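Reader: I'd like to learn how to read a model like this one feature by feature. Could you walk me through it?

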Amino acid sequence: MTVDHATAIPSHIPAHLVQDFDLWAELTAQGENAYAWAANLHRSTPPIFWVPRLSFLAGTWVPRRAEDLRRILQDPETFSSVGLTPYAMLLGESWRLAPLEVDPPDHAKYRALLNPLFTPKKVDALEQDIRALATQLIEAVAQQGRCDFNEDFAKAFPTLIFLKLMGWPLEERPLFQHWTQTLIKSFDMQVVTDNARAITGWIRNHIAERRLNPGDDFTSYLLASQIDGRALTDDEMLGINFLIFIGGLDTVTSSIGLFFRHLARHPEQQAQLRADPELIPNAVEELLRSYSIVNMRRTVTRDVQIGEALMKKGDMVLISTELANLDPEVFDNPEQVDFLRSSGAPHMAFSYGVHRCVGSHLARRELRIALELWLKLIPPFRIADGTQPRFSAVGVFGMEDLHLQWDPVVGTAPATSAERLSA
Ligand code: HEM
């Protein structure tokens, strides 16, 4: 008899906690119904279960209750984030994505560098640019009566804001858009490696250039910063820049795509927001909860018991923000999208604990402005005739394809705005 070591169940996992499916393959295969399927896990599985395989990864614990997930995220000493992404390894290098892959106490040192750049006040300073960029992109399609939402808006919008935030050339948008898609949305390791090499090459050149000519940009800020009284190493510079690239682009693109698919299918909720734009911040929170996109992992550093599960040192744990935010113990009717929802704890779409998303204020502002301006500048929209939205669970959850359609207002010039990008 041969034993498949990749899926062999370790002896400390009791049989009744084993759910014999590949969670990732199932979620991907569910497509359209991925969230309904995730919500169903709350009705059909133990609070913490073990899956023998997670895509190309080996067996993993899956806690599904928000309370357990919070407890895990609050204990980074026991649940480590070190070494969870493959990029440096694929290139035969040893830098790490800081602060994401750094545990306390060092985590705080990197986080302290980033926090001041992402405060609500810093986001306020970007607000005009965010509005101007969104307005330009929307006005470009308003009179067409339909658009390829991903290509015309969802990818371009956060990429331009990211470049603006970093102080990097806006003309690089096509290149960065291409890299985001190929790095994060590909399972082909050769493609991921080639793209990681191209991106790190670009960042390294930029760091070298800024060393010679410091400017008013993110890279120059890091070059002038210190950790423990010393300058950052080249590897630290690279890891931080690379992380912001990964964290800030595809996440916002994916969330916007899911938000707009929902609104295109729910004209009554579009009408609700058009009639009462003050509800938009609530809508952003409810859509972030309902359509969470990120799944993280942690490595157990010491044996620990949570409920029925005895987790052993070296075990992997999946942290699914979708499962946390669809937990019926926390949210009444979790599958219902309700912009007036008052029940439930704050959602965990941006995680919890020390690694909680540093870009959450920026992301929220981008999402709010996208909703506000689309509803202001575009008449009621729907899924475009003859098209079928395509969902994807590769990388983070999001929309692979989404075409929208509306009836342009006949006889009027395209909506114009005094707001223009101050590039
Ligand atoms: C809707 C958009 C976004 C979502 C849903 C999101 C989600 C998350 C989540 C779940 C984490 C925690 C990962 C973990 O615990 O292992 C995280 C961390 C992070 N995010 Fe975001 N994010 C978004 C947008 C952004 C943006 C716009 C930026 C920056 C431009 C950003 C930068 C980061 C960074 C640097 C971290 C690491 C923080 C740390 O380890 O201390 N994110 N994000």
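Reader: Let's go straight to Thr60: which element is Thr60 found in?

Author: Thr60 is part of strand S2. Keep in mind as we go that this is a predicted model.

Reader: And is Thr60 buried or exposed?

Author: The way to read this is to take the relative accessible area and hold it against a cut-off: buried means under 20%. Thr60 has a relative accessible area of 1%, so Thr60 is buried. The strand around it fits that picture: S2, residues 57-63, is mostly covered, with five of its seven residues buried.

Reader: How should I think about side chains along a strand in general?

Author: In a regular strand, side chains alternate between the two faces of the sheet. For the case here, go to the contacts. Once residues up to four places away in sequence are set aside, Thr60 touches Phe49, Trp50, Val51, Leu54, Met316, Val317 and Leu318.

Reader: What does the side chain of Thr60 reach?

Author: The backbone oxygen of Ala58, at 3.1 Å. If you'd like a sense of distance across the model, try Thr60 and Pro120: they are 60 residues apart in sequence, and their C-alpha atoms are 37 Å apart in space.

Reader: Which strand does S2 pair with, and in what sense?

Author: For pairing, look at the partner, the direction and the bridges. S2 pairs with strand S1, residues 48-54, in the antiparallel sense over six bridges. To get the register, pick one opposite pair: Ile48 stands opposite Pro63 in S2.

Reader: How many residues sit between the strands in that hairpin?

Author: Two residues. In this hairpin of S1 and S2, Ser55 takes a positive phi near 55°.

Reader: Which other residues have a positive phi although they are not glycines?

Author: Asp228 is one of them, with a phi of about 50°. Asp228 lies in the loop between strand S5 (226-227) and strand S6 (230-231). Asn333 is another case, with a positive phi of about 40°, and its place is the loop between helix H16 (321-325) and helix H17 (360-377).

Reader: Are Asp228 and Asn333 buried or exposed?

Author: Here the cut-off to use is the other one, since exposed means over 50%. Asp228 has a relative accessible area of 59%, so it is exposed. Asn333 has 53%, so it is exposed too.

Reader: While we're on backbone geometry, where are the cis peptide bonds to look at?

Author: Omega is what to check. The peptide bond from Ala98 to Pro99 is cis, with omega near 5°. Another cis bond joins Pro104 and Pro105, with omega about 5°. As for location, Pro99 is in the loop between helix H4 (87-90) and helix H5 (106-114), and Pro105 is found in the loop between H4 and H5 as well.

Reader: Back to the loop between H16 and H17: why does His347 count as buried?

Author: His347 sits in that loop. It counts as buried because its relative accessibility is 15%, and the cut-off is under 20%. The side chain of His347 reaches the backbone nitrogen of Ala349 at 3.1 Å. Leaving out neighbours within four places in sequence, His347 is in contact with Glu285, Leu288, Arg289, Asn325, Phe331 and Arg364.

Reader: Now for empty space. How many cavities of 30 Å³ or more does a search of the whole structure find?

Author: One. With a cavity, read the volume, then the lining. The largest cavity has a volume of about 40 Å³, and its lining consists of Leu23, Leu27, Ala38, Leu41, Asn295, Ser320, Glu322 and Leu323. Helix H1 (23-30), helix H2 (34-44) and H16 are the elements that give two or more residues to this lining. By character, the lining residues divide into five nonpolar, two polar and one charged.

Reader: And what volume does the second largest pocket have?

Author: About 370 Å³. It is lined by 15 residues, and Leu117, Lys122, Lys164, Leu165 and Asp216 lie nearest its centre. The elements giving two or more residues to the lining are helix H6 (120-142), helix H8 (156-166) and helix H11 (218-223).

Reader: Which of these gives the most?

Author: H6, with five residues. Overall, the lining of this pocket divides into nine nonpolar, one polar and five charged.

Technical notes. Residues numbered from 1 in each chain as written. Predicted model: local features only at pLDDT ≥ 70, side-chain atom pairs only at ≥ 80, totals over all residues. Heavy atoms only, no water. Helix = DSSP H or I, 4+ residues; strand = E, 2+ residues; numbered from the N terminus. Buried < 20%, exposed > 50% of the residue type's maximum accessible area, 1.4 Å probe, protein only. Polar contact = N/O pair within 3.5 Å; in protein donor to acceptor, adjacent residues only side chain to side chain. Contact = heavy atoms within 4.5 Å. 1 Å grid on protein atoms, 1.4 Å probe; cavity = no way out; pocket = protein on both sides within 12 Å on 5 of 7 lines; lining within 4 Å. Points joined across faces, edges and corners; volume = space filled by probe spheres on them. Nonpolar A, V, L, I, M, F, W, Y, C, P; charged D, E, K, R; others polar. Pairing = 2+ DSSP bridges.
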